[in-house]
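Here is a quick tour of one protein model, written for someone who likes cut-offs spelled out. Have the structure open as you read.

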Amino acid sequence: EVHATFDPERQRAVADHAQRQLGELGFPLLPGEPAPFMRAFELPSVDDPGELWSRLYAEHRVEVPVYEWEEKTLLRVSIGPYNDEEDIDRLVVALRALL
């Protein structure tokens, strides 16, 4: 019953907003077909992706995974039914401050 209350089109729109905003920051989307509510981006190389992940949460209350994969630093944005464009805007502000 709870899942029936979710709005997948809104979730997709928020994921698309993330794709636009992070693309404007110069973070390319990983190649391939993105999942409907998830996007993965390549970030500039950082010394410790785990530290960036921790600082995003500790300093900005933004919870997104940042990790190393195939010698690239990746950030994964997953949109839940509780996320909105303001969450993405907070992420953008946080990334500007930390990178």
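Glu 59 sits at 45% relative accessibility, so it counts as partly exposed; the bins are buried under 20% relative accessible area, exposed over 50% and partly exposed in between, with a 1.4 Å probe and protein chains only. Its salt-bridge partner is Arg 55, with the closest N and O atoms 2.7 Å apart. Arg 55 is partly exposed too, at 32% relative accessibility. The two are four residues apart in helix α2 (residues 49–60), which means about one helical turn separates them. Helices here are DSSP runs of H or I with at least four residues, strands are runs of E with at least two, and both are numbered from the N terminus.

Some bookkeeping before going on. This is a predicted model, where local features need pLDDT of at least 70 and side-chain atom pairs count only at pLDDT 80 or more, while totals for chains, interfaces and linings use all residues. Residues are numbered from 1 along each chain as its sequence is written, and side-chain values use heavy atoms, leaving out hydrogens and water.

Back to the charges. Side chains of opposite charge can pair when their charged atoms come close. The structure holds four salt bridges, each one being a side-chain nitrogen of Lys or Arg within 4 Å of a carboxyl oxygen of Asp or Glu. Among them are these:

| Pair | N to O distance | Helix |
|---|---|---|
| Glu 9 and Arg 12 | 3.9 Å | α1 |
| Arg 55 and Glu 59 | 2.7 Å | α2 |
| Asp 87 and Arg 90 | 3.2 Å | α3 |

In the α1 pair, Glu 9 and Arg 12 are three residues apart, about one turn of the helix. Glu 9 is exposed, with a relative accessible area of 53%, whereas Arg 12 is partly exposed at 32%. Asp 87 and Arg 90 are also three residues apart, in helix α3 (residues 85–98). Asp 87 is partly exposed at 22%, and Arg 90 is partly exposed at 37%.

Now for the sheet. Strands of a sheet pair through backbone hydrogen bonds, either parallel or antiparallel. This one is an open sheet of three strands in the order β1-β3-β2, with antiparallel pairing; two strands pair if DSSP finds at least two bridges between them. At the edges are β1 (38–43) and β2 (66–69), each pairing on one side only. Neighbouring strands are turned by 35° against each other on average, direction ignored. Axes are lines fitted to C-alpha atoms, for helices over the stretch in contact, and angles run from 0 to 180 degrees between N-to-C directions. β1 and β3 (residues 72–78) run antiparallel and are joined by six bridges, and Met 38 stands opposite Ser 78 in β3. Helix α1 (residues 8–24) lies across β1 and β3, at about 10° to β1.

What about the inside? In soluble globular proteins, nonpolar side chains tend to be buried together. The largest nonpolar core has 22 residues, of which Leu 22, Leu 52, Leu 56, Leu 75, Val 77, Leu 91 and Leu 95 touch the most other members. At least two residues each come from α1, β1, α2, β3 and α3, and α3 gives the most, with six. Such a core is a set of buried Ala, Val, Leu, Ile, Met, Phe, Trp, Tyr and Cys residues joined through side-chain atoms within 4.5 Å. Leaving aside neighbours within four places in sequence, the contacts of Leu 75 include Leu 22, Phe 41, Leu 56, Val 66, Leu 91 and Leu 95; contact means heavy atoms within 4.5 Å.

The loops are worth a look as well. Most residues other than glycine have a negative phi, and most peptide bonds are trans. Arg 61 has a positive phi, near 55°, and is placed in the loop between α2 and β2. Arg 61 is exposed, with a relative accessible area of 52%. Glu 71, in the loop between β2 and β3, has a positive phi near 65° and is exposed at 78% relative accessibility.

Which loop residue is buried, with a relative accessible area of 14%? That is Asn 83, in the loop between β3 and α3. A polar atom of the Asn 83 side chain lies 2.7 Å from the backbone nitrogen of Gly 80. Beyond its neighbours within four places in sequence, Asn 83 is in contact with Arg 10, Val 14 and Ser 78.

Notes
Polar contact = N/O pair within 3.5 Å; in protein donor to acceptor, adjacent residues only side chain to side chain.
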